[in-house]
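Trainee: I would like to go through a structure and ask what stands behind the words we use for it.
Mentor: Good. Bring it up, then ask.

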Amino acid sequence: LFDHKGPLIFFINAIGYRIYPHYGLIPLQVISLTLTLFLFFRAARLWMSRFGALFSTGVSLLYIARTFTEGNMTEEYSLPFLAVAVYLFSKWYHKQQQAPTFFHPASYAFGYGICFAGLLMLRVTNAALLCGFVFVITLGLLLQKQWKTLLQNAGAFLGGFFLFFGPFALYFAAHGALYDMLYGTIFYNISYSSEYSILHYYANHPNPFNAINRVVLDFGAPLLVLFAVSVIHLTKKIANPFAWGGIVGSLVSMYVLFTNRPYTHYFMIVGATIPFIAILISQLWNQRETYRFGSKLAVLFFVVWLLSMLARLPSWNNDPFLSNYSGECLAYVSDAKISASLIPEEDRDSVLCYNVDAQWYLINDIQPCQTYFIHQDWQSSADSNMQQTIAENLWNNPPKWMVVDEPSNPRVQQLLAEQYTVVLGEEQGFSGYTLYQRTT
């Protein structure tokens, strides 16, 4: 089955459904969030009081909750990996403060390698902050000519990466699908991102100022605060790798998030920057004799953003990109079950949804009969070869039953018109899907 997400999200769901259908994911989500918050707290606690660390962790939780939407997203499961990266980066700089020379332990690079592989197996763009950390550490080792340490770190990073990535690669290679996995996880997403124009989006938006305000000054605001606070650090100490990590990490994250589709859940990964911001501000405050104006300005930036987020909470559910998927709706579930009840048991191995949510399959415990099984027109909009393959698969092996939502592919329209008849029309259900049965 094809989807443009890494295989780890499907592995997590497989474990959850093995525990118990639907509800088995909840304990995994609890474990993921608990680990994330614990690591946020531990990172902040290296530099701050217990109260300060708890406060910054609580703010992180509030931000994550606001961007959580319906959950079970790659961004949600990316948070523990990002939390490990933030903790290791914070712990490294804490040790670096007492070290006479620039150094970086290979064991931390090993951890970064595991985290990067985990993020790659979910959604590679979620690794923006981690990439910023690794870039700064690498550049520091190069500038200090720490060649041996650099090679040790590079080897450790690769070791950690392949330790996590290797089992996935071996599994897909054994099934003759390694390229398919890499295409869906990496190569397709490059096309998916490059074909989207954020300038076109804003130019055609009915209220572009509100759209920019939402993306940049609301959900993206912590990235601006992180950048500003990091710059304040550099005004007194230019050779501050921790602050440079904030600058590079924020810039890479801004590029990824500000130029992409402005879905709410995409910003969940920004929650990992909040303990980082808190640490930077606490350092400035502890050195307020040196950063007299800068320390106060950094606190002001954070307070203004926090009050702004709190002020927006009452209109939380009115966000136009807050995904309320129909799979959570009783009307949708009822509609999906009604349409599936018309499909004979002996035909349920030959059913395909076209432009329909994956929830339809889960609700009815039906296995899709072809590789491209959901949102085909949308997925193939970034790849003309995929569009052709989808149509060829349908013509060469047409399913006995199809659940369809307004196909735009002309060859699919032709196939439905020539070989299928409508059994349940879109006007008869909440979802607007049409159920077709093959007649020729």
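What follows is a set of questions on a predicted model, each answered from a value and a cut-off.

Trainee: Why is the protein called as compact as a globular protein of its length?
Mentor: First, the fold: 19 helices and four strands. The radius of gyration is 24 Å, and the globule rule gives 22 Å for 440 residues. The two values are close, so the protein counts as compact as a globular protein of that length. The C-alpha trace spans about 80 × 50 × 40 Å along its principal axes.

Trainee: How much of the protein counts as buried?
Mentor: Buried means under 20% relative accessible area. Of the 440 residues, 52% count as buried.

Trainee: And what does the protein expose?
Mentor: About 20,600 Å², with carbon and sulfur atoms supplying 63% of it.

Trainee: Which share of the contacts comes from residues 24 or more positions apart?
Mentor: Taking contacts with a separation of 6 or more, such residues account for 69%.

Trainee: Now one residue. Where is Asn 240?
Mentor: In the loop between α11 (221–234) and α12 (241–258).

Trainee: Why is Asn 240 called buried?
Mentor: Its relative accessibility is 3%. The cut-off for buried is under 20%. Asn 240 therefore counts as buried.

Trainee: What makes the approach of Asn 240 to Phe 242 a polar contact?
Mentor: The limit for a pair of N or O atoms is 3.5 Å. The side chain of Asn 240 reaches the backbone nitrogen of Phe 242 at 3.1 Å. The backbone nitrogen of Ala 243 is also reached by this side chain, at 3.1 Å. Both pairs are polar contacts, because each distance is within 3.5 Å.

Trainee: Which residues beyond four places in sequence does Asn 240 touch?
Mentor: Tyr 93, His 233 and Leu 234.

Trainee: Take His 233, then. How do you know whether it is buried or exposed?
Mentor: His 233 sits in helix α11. Its relative accessible area is 2%. Buried is under 20% and exposed is over 50%, so His 233 is buried.

Trainee: What does the side chain of His 233 reach?
Mentor: The backbone oxygen of Leu 280, at 2.8 Å. That is within the 3.5 Å limit, so the pair counts as a polar contact.

Trainee: What else is in contact with His 233, leaving aside neighbours within four places in sequence?
Mentor: Asn 240 and Leu 280, already named, are in contact with His 233. So are Ala 243, Gln 283, Leu 284 and Tyr 291.

Definitions and conventions. Residues numbered from 1 in each chain as written. Predicted model: local features only at pLDDT ≥ 70, side-chain atom pairs only at ≥ 80, totals over all residues. Heavy atoms only, no water. Helix = DSSP H or I, 4+ residues; strand = E, 2+ residues; numbered from the N terminus. Buried < 20%, exposed > 50% of the residue type's maximum accessible area, 1.4 Å probe, protein only. Polar contact = N/O pair within 3.5 Å; in protein donor to acceptor, adjacent residues only side chain to side chain. Contact = heavy atoms within 4.5 Å. Rg over C-alpha atoms; globule rule 2.2 N^0.38 Å. Areas by Shrake-Rupley, 256 points an atom, 1.4 Å probe, with all protein chains shown as cover.
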